[in-house]
Amino acid sequence: MLHIAKLAVGVRDIDHIRALQADRMRTNPPLRHRTRNFPRRGDEVVNGGSLYWVISGSMLARQRILDIIEDKRDDQTPCTSFILDPNVVPLIGRPTRPFQGWRYLQPDAAPADMDASVMAVGEDALPQVMRRELRALCLI
């Protein structure tokens, strides 16, 4: 199994990516993320891998990759599409430097899913940006 890391350009937070994707699912199902290059290790990615979203400098969410297909953009240029599970899973954030395109992510390097049982009391009431900054400082 292998994962993919990708920057979510222009996305503010997890709720924003959920809203954008809900609109895309309504207008152009199935839910997909288009990219230029087909991963050479695609079989490993489809075998249980996820797309890990880097939002505002931190790896904050993931979605299962259900399939990887050859596709076409709206202007008919060829591309590759990651077919995604609509469920966006929040992660325990991890600061991530910017990069272009997508990168393979080994399972042992992937941040853990956010578990409500490990959240501090009242943490869910904090704004997401503040939670991310406090986690980066190892204060929560």
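A pocket here is an open set of grid points with protein on both sides within 12 Å along at least five of seven lines, and its lining residues have an atom within 4 Å of a point. Everything below comes from a predicted model.

**Close-up 1. The second largest pocket and its lining.** Lining this one are Lys 6, His 33, Arg 34, Thr 35, Arg 36, Asn 37, Gly 101 and Trp 102. The space inside comes to about 180 Å³. Strand β2 chips in the most, with three residues. By type, the lining splits into one nonpolar, four polar and three charged residues.

**Close-up 2. The largest pocket.** This one holds about 350 Å³ of space. Of its 19 lining residues, Arg 24, Arg 32, His 33, Arg 34 and Trp 53 lie nearest the centre. Two or more residues each come from β1 (3-7), α1 (14-27) and β2 (32-35), and α1 has the largest share, at five. The mix is nine nonpolar, four polar and six charged.

**Close-up 3. An aromatic cluster of Phe 82, Trp 102 and Tyr 104.** Phe 82 and Trp 102 meet edge-to-face, 6.3 Å centre to centre with 80° between the planes. Phe 82 belongs to strand β5 (residues 78-84) and Trp 102 to β7 (residues 102-105), so this pair ties together parts 20 residues apart in sequence. Both Phe 82 and Trp 102 are buried. Trp 102 also pairs with Tyr 104: the centres are 5.2 Å apart and the planes sit at 75°, so this pair is edge-to-face too.

**Close-up 4. Arg 41 over the ring of Tyr 104.** The charged end of Arg 41 sits 5.4 Å from the ring centre of Tyr 104. Tyr 104 has 30% relative accessibility, so it counts as partly exposed.

Note on methods:
Residues numbered from 1 in each chain as written. Predicted model: local features only at pLDDT ≥ 70, side-chain atom pairs only at ≥ 80, totals over all residues. Heavy atoms only, no water. Phe/Tyr/Trp six-rings, centres within 6.5 Å; stacked < 30°, edge-to-face > 60°. Helix = DSSP H or I, 4+ residues; strand = E, 2+ residues; numbered from the N terminus. Buried < 20%, exposed > 50% of the residue type's maximum accessible area, 1.4 Å probe, protein only. Lys NZ or Arg CZ within 6 Å of the ring centre and 35° of its normal. 1 Å grid on protein atoms, 1.4 Å probe; cavity = no way out; pocket = protein on both sides within 12 Å on 5 of 7 lines; lining within 4 Å. Points joined across faces, edges and corners; volume = space filled by probe spheres on them. Nonpolar A, V, L, I, M, F, W, Y, C, P; charged D, E, K, R; others polar.
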